[in-house]
Every structure is written in C-alpha cells, then in structure tokens.
Amino acid sequence: MAYNVLIVDDSQTMRKVIRKTVSISGFEIGECWEAGNGKEALDILRSCWVDLILTDLNMPEMNGLEMMKELAKDEIYRRIPVVLITTEGSESRIGEAYSLGIKGYIQKPFYPEMIRDVLSQIMEGIP
C-alpha cells in the first residue's frame, strides 16, 4: 500500500534527500508534498490527504513542536502519524515531542533501511 507523505524541513536540500531516501528504502509513497516549516505544513493539510508526516524539529516561523501542538487541536490531524527526522539529540526536546504525540524518531544522518524500518513499523500499526 502506498502512503501520502508530507515532508517538513526548512532545508529544501534536506527535503529532497529525505524524499529520495524514503523512495529508495522501498517504503511505498503515493503523493508527496514538501513544506519549509510547520505553518506551510498546516496549509498543505487543509487541501491534501496526508497519511504520514516526516518533520524536522528546528525550523523558523513554526517549529516541529509548535506544529505538533496545532495538529493536536484538530480531530483529523491529530491522528496522522508524525515522525521526527532531525539532528536534535536533546533528550528533553525529544521527550517533549513524544509527549506531544510523535510516533517515531530518526536522527540525521540516516540510512534507507533505518527509514524503511521505522516507517513500516509505524504504518503497519495503524488500522
């Protein structure tokens, strides 16, 4: 089954790397959208069906934690699994992200197998 994915990262280059890595990992992607921050991501969610969000934590305008807080306010958006893909290693910040509902955490740099395993495990657990 292919999943519609939203990639949120302030670096356009990193968004492309994530998209390519997810694709070559064997994880099946349907539609794929990209946003430069949480605010842009919320705009995309208003008009597109997204099954999975891959987001960075540290971004200008609206970071990953702020985006998670906004997603939690909406009945539909709060059900979308969110995976952090970030260089952030602070246990307190990662812990805060988990308390806000992230389903997985991948630290940069990453490998296709790592992404495939995390994403497959998360999406197979969703009814």
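At what angle do helix α1 and helix α5 pack, and how far apart are their axes? This is a predicted model, and in it the two helices, α1 (residues 12–24) and α5 (residues 112–124), pack at an angle of about 75° with their axes 8 Å apart. Angles of 65 to 115 degrees count as roughly perpendicular, so α1 is roughly perpendicular to α5. If you want to find the contact, look for T21, V22 and I24 on α1, and for P112, I115 and L119 on α5. Sorted by type, the residues of this contact are five nonpolar, one polar and no charged.

Now for the cores. The largest nonpolar core has 24 residues, and those with the most contacts inside it are L6, V8, L45, V50, I53, M67 and L71. Which elements feed into it with at least two residues each? They are the strands β1 (3–8), β2 (29–35) and β4 (82–86), along with the helices α2 (38–45), α3 (64–72) and α4 (91–99). Take I53 as a place to start exploring: leaving aside residues up to four places away in sequence, I53 touches L6, V8, L45, M67, L71, I80, P81, V82 and V83. There's also a second, separate core of 18 residues, with V5, V83, I106 and I115 among them. I115 also turned up in the contact between α1 and α5.

Next, the aromatic rings. The count comes to one aromatic pair, and that pair is Y3 with F27. The rings are stacked, at 5.5 Å centre to centre with 15° between the planes. Y3 sits in strand β1 and F27 in the loop between α1 and β2, so the pair links parts of the chain 24 residues apart. Are these two buried or exposed? Buried means under 20% relative accessible area, so Y3 at 14% is buried, and so is F27 at 5%.

Here are the accessibility values, with E61 added:

| Residue | Relative accessibility | Status |
|---|---|---|
| Y3 | 14% | buried |
| F27 | 5% | buried |
| E61 | 59% | exposed |

Finally, a couple of backbone oddities. Most residues other than glycine have a negative phi, and most peptide bonds are trans. E61 has a positive phi, near 70°, though this residue isn't glycine. You'll find E61 in the loop between β3 (52–55) and α3. As for the peptide bonds, a cis one joins K108 and P109, with omega about -5°. P109 lies in the loop between β5 (104–107) and α5.

Key:
Residues are numbered from 1 along each chain as its sequence is written. This is a predicted model: local features need pLDDT of at least 70, side-chain atom pairs count only at pLDDT 80 or more; totals for chains, interfaces and linings use all residues. Side-chain values use heavy atoms; hydrogens and water are left out. Axes are lines fitted to C-alpha atoms, for helices over the stretch in contact, and angles run from 0 to 180 degrees between N-to-C directions. Helices (H or I, at least four residues) and strands (E, at least two) are DSSP runs, numbered from the N terminus. Angles under 35 degrees count as roughly parallel, over 145 as roughly antiparallel, 65 to 115 as roughly perpendicular and the rest as oblique. Contact means heavy atoms within 4.5 Å. Ala, Val, Leu, Ile, Met, Phe, Trp, Tyr, Cys and Pro count as nonpolar, Asp, Glu, Lys and Arg as charged, and the others, Gly among them, as polar. A nonpolar core is a set of buried Ala, Val, Leu, Ile, Met, Phe, Trp, Tyr and Cys residues joined through side-chain atoms within 4.5 Å. Buried means under 20% relative accessible area, exposed over 50%, partly exposed in between (1.4 Å probe, protein chains only). Rings of Phe, Tyr and Trp (its six-membered ring) pair if their centres lie within 6.5 Å; planes under 30 degrees apart count as stacked, over 60 as edge-to-face and the rest as tilted.
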